[in-house]
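The following exchange examines how two parts of one protein meet, and on what grounds each term is applied.

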Amino acid sequence: MFQRQLDELRENYLYRTLNILDYLPGSSTHVKLHDKEYILYCSNDYLGLSHHPRIISVVRDVVDEYGLGSGASRLISGSTSWHKRLEEKIASFKRKEEALIFSSGYLANLGIITALTDKDSLLIVDKLDHASVIDACKLSEATLRVFPHKNMSKLETILSHSHKYNRTLIVTDSVFSMDGDFAPLGELVKLKEKFGAMLMIDEAHAMGVIGRRGSGLAEALGLEERIDIIMGTLSKATGSLGGYCAASPDIINYLKNKSRPFIYTTSLPPSLCAASYEALLIIEGESGLRDRLWENTNFLKKNIREIGFDTGESESPIVPIILGTSDKALKAAQYLFDSNIYIPAVRPPTVPKGKARLRLTVSAVHTDDDLKYLLSILKKMHEEI
Ligand SMILES: *Cc1c(COP(=O)(O)O)cnc(C)c1O
């Protein structure tokens, strides 16, 4: 029934399939696929915390005591003391009064944006916001306006018409997920204050990575108190699973009462809440991991640029290697794959047409040998394709 559409995807180099892999024991960067070993350069596990021995040991203890699934949604019997402990930890980590966890970052965006806006609201987003923000906008009843990527004068023009609405919510990624560049948070805060709007930021790729304490871009710029809603995920640098919202008690209580993606799904397993709690202690306490991540990032980025690749505007451990057509991105991914390096091609609609790429992500636990090997292959690839 869908054959024609699938054929069309294949013809346009947009057909997608799953690669099933297994991790080498204890490693978050080395995997096995079809009995061959690969170095992983596409995971969002920036600090290697998905395999951290201290976190795994805590998870084992909590599974022994609490079992596996939580058994129900948060408002029924799915709130344990681990959920509460994690929420208190996130709130203090984000310098907000309260926090609420969701079952994923995707659900957090759906849950926050749909609950805080209604048909009389204005919702304003950056063109390159994450797909979960875009999907939340489709579900929201608010009037939607999109401004070109980081274009603050366009945003100001949209805001100048916002007095007609009961509420205005601006949503932006703090680190953009496909280009690795930063949102202009200082300017966003000024504009939202000038027009009395609410500002929500998505720190999915910033937590654990940016800021002295590793809390994110809002921390690095000292803007936590001037941003109304800070959301993010527990599934990237935090190494487990889940999403969160940190905000004022009013907003959090409203979400508990009104947010359908919070209310109508089974809560996270207690063991994963404990994993994230322990991960946050490590993120705060072991800044050496973050230093190593940035050393690896700066070393790779400098050398990849020197080879002659276009890495766009990246300011983070997300390093795009922009190649243009989907065909070219697929060829490059295959070239690396044949050399035991795993970075799938990212194609439209995930990125704009003509901007197909390899989206390389760096980890604190990539070794010097891992990095040197990658660079030697990229160099050959640049000459050969
Ligand atoms: C990954 C990501 C999400 C979704 O988080 P999950 O926990 O994976 O559902 C949301 N926003 C951004 C910017 C992301 O990169």
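Q: Why is the pairing of the side chains of Arg-357 and Asp-179 called a salt bridge?
A: A salt bridge requires a side-chain nitrogen of Lys or Arg within 4 Å of a carboxyl oxygen of Asp or Glu. The N to O distance between Arg-357 and Asp-179 is 3.2 Å, and the pair therefore satisfies the rule. The count between domain 1 and domain 2 is one salt bridge.

Q: What kind of model is this, and how are its residues numbered?
A: The model is predicted; local features need pLDDT of at least 70, side-chain atom pairs count only at pLDDT 80 or more, and totals for chains, interfaces and linings use all residues. Numbering runs from 1 along each chain as its sequence is written, and side-chain values use heavy atoms, with hydrogens and water left out.

Q: What makes up domain 1 and domain 2?
A: Domain 1 comprises 10–40 + 287–384, and domain 2 comprises 53–285; such bounds come from an automatic or database domain assignment. Their C-alpha centres lie 27 Å apart.

Q: How many residues of each domain are in contact with the other?
A: Contact means heavy atoms within 4.5 Å. By this rule, 17 residues of domain 1 touch 20 residues of domain 2.

Q: What area do domain 1 and domain 2 bury between them?
A: Buried area is the accessible area (1.4 Å probe) that two parts lose on being put together, summed over both. For these domains the value is about 1300 Å², with 55% of it on carbon and sulfur atoms. Arg-290, Glu-315 and Ile-318 supply 41% of the area that domain 1 buries against domain 2, more than any other three residues.
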